[in-house]
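Thank you for giving me a few minutes this morning. I would like to walk you through one part of a protein model, slowly, and explain the terms as they come up.

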Amino acid sequence: DIHQFDSVVVTGTDLFTDQQLIRLSQYEPFVFVHHLQTPRKSLADLISGSRLFVTHTPEHMRRELSWSKPRKTEQVLSYFDTSKCHDHMDKQPMALWAARNHPLKGKLKAHAWALENDLGFKALTNVSRETVLDAMARCEWFVHLPLAFESECRAVMEAVLSGCKIQTNDNVGITSVQDWNNPDTLREMIDKAGETFWKLVQL
């Protein structure tokens with residue numbers, strides 16, 4: 001029954017069939033994807049039919065444009081409560097890795113980097129966000145060296161806001177955002193992300 005609405009907003013594509021994607025493309029939807037898409041014709045139709053195609057970061061957009069042709073594009077970071085990220089006045093010479101326990105998240109590479117740089121290494125997985133943020137506040141370094149592309153990486157963003165030095169690679173999309181490692185600039189972008197998103201939806 002989408003024909004009865006004035007505007008169609010698509011913020012995820014994973015659960016749609018090819019037939020549904022093609023149908024959605026006929027309504028000039030606002031399309032916002034949060035992770036790297038797997039190229040297929042129906043998805044290309046959705047993106048080319050969108051009135052606005054949005055990703056989180058420039059590098060994410062660059063990769064999507066290698067196979068799709070949207071009419072108009074924008075980038076918006078994820079919104080989260082930045083007030084929960086705190087620096088600690090007594091940072092410890094530790095390298096922190098915090099992610100899902102998956103080989104593509106680069107835990108072994110992060111550990112090797114810490115050893116090469118004579119730093120202690122702390123790995124966190126399957127723990128609360130509060131535990132991760134507390135560790136970020138106390139560790140000098142945050143290390144994230146994923147083997148696969150991540151459109152943004154909230155953990156790296158939180159680590160920047162927590163005063164960590166960052167060791168990462170080009171697979172982390174946030175590194176393509178100008179001044180991404182400046183805590184003040186990054187905080188401002190995140191704090192405005194929700195407002196920016198709704199302004200784009202209403203264009």
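Let me begin with two helices, H6 and H7, whose axes come within 9 Å and cross at roughly 130°, where an axis is a line fitted to C-alpha atoms, for helices over the stretch in contact, and angles run from 0 to 180 degrees between N-to-C directions. H6 and H7 are therefore oblique to each other, since angles under 35 degrees count as roughly parallel, over 145 as roughly antiparallel, 65 to 115 as roughly perpendicular and the rest as oblique. The helices and strands I name are DSSP runs, helices being H or I with at least four residues and strands E with at least two, numbered from the N terminus.

Before going further, I should say that this is a predicted model, in which local features need pLDDT of at least 70 and side-chain atom pairs count only at pLDDT 80 or more, while totals for chains, interfaces and linings use all residues. Residues are numbered from 1 along each chain as its sequence is written, and side-chain values use heavy atoms, with hydrogens and water left out.

Which residues meet where H6 and H7 pack? From H6 they are Met157, Val160 and Leu161, and from H7 they are Pro183, Leu186, Arg187 and Ile190, with contact meaning heavy atoms within 4.5 Å. By class, six residues of this contact are nonpolar, none is polar and one is charged; here Ala, Val, Leu, Ile, Met, Phe, Trp, Tyr, Cys and Pro count as nonpolar, Asp, Glu, Lys and Arg as charged, and the others, Gly among them, as polar.

On to the second partner of H6, which is helix H5 (residues 129-138): H5 and H6 (residues 154-161) pack at an angle of about 45°, with their axes 9 Å apart. That makes H5 oblique to H6. Arg129, Leu133 and Met136 of H5 meet Arg154, Ala155, Glu158 and Ala159 of H6, and this contact has four nonpolar, no polar and three charged residues.

How much of H6 is buried? Seven of its eight residues are buried, so H6 is largely enclosed by the rest of the structure, and by buried I mean under 20% relative accessible area, with exposed being over 50% and partly exposed in between, using a 1.4 Å probe and protein chains only. The buried residues of H6 pack against S5, H5, S7, strand S8 (165-167) and H7. One of them is Val160, which counts as buried because its relative accessibility is 4%; leaving out residues up to four places away in sequence, Val160 touches Ile166, Trp180, Asn181, Asn182, Pro183 and Leu186. Just after H6, Gly163 takes a positive phi of about 80°.

Let me now turn to the largest nonpolar core, a nonpolar core being a set of buried Ala, Val, Leu, Ile, Met, Phe, Trp, Tyr and Cys residues joined through side-chain atoms within 4.5 Å. It has 27 residues, of which Met136, Phe142, Val156, Ile166, Ile174 and Leu186 touch the most other members. The largest share of this core, six residues, comes from H6. A second, separate core of 11 residues includes Val8, Val31, Ile47 and Phe53.

I will finish with Lys105, which lies in the loop between strand S5 (92-98) and helix H4 (107-116). Is this lysine buried or exposed? Lys105 is buried, with a relative accessible area of 16%.
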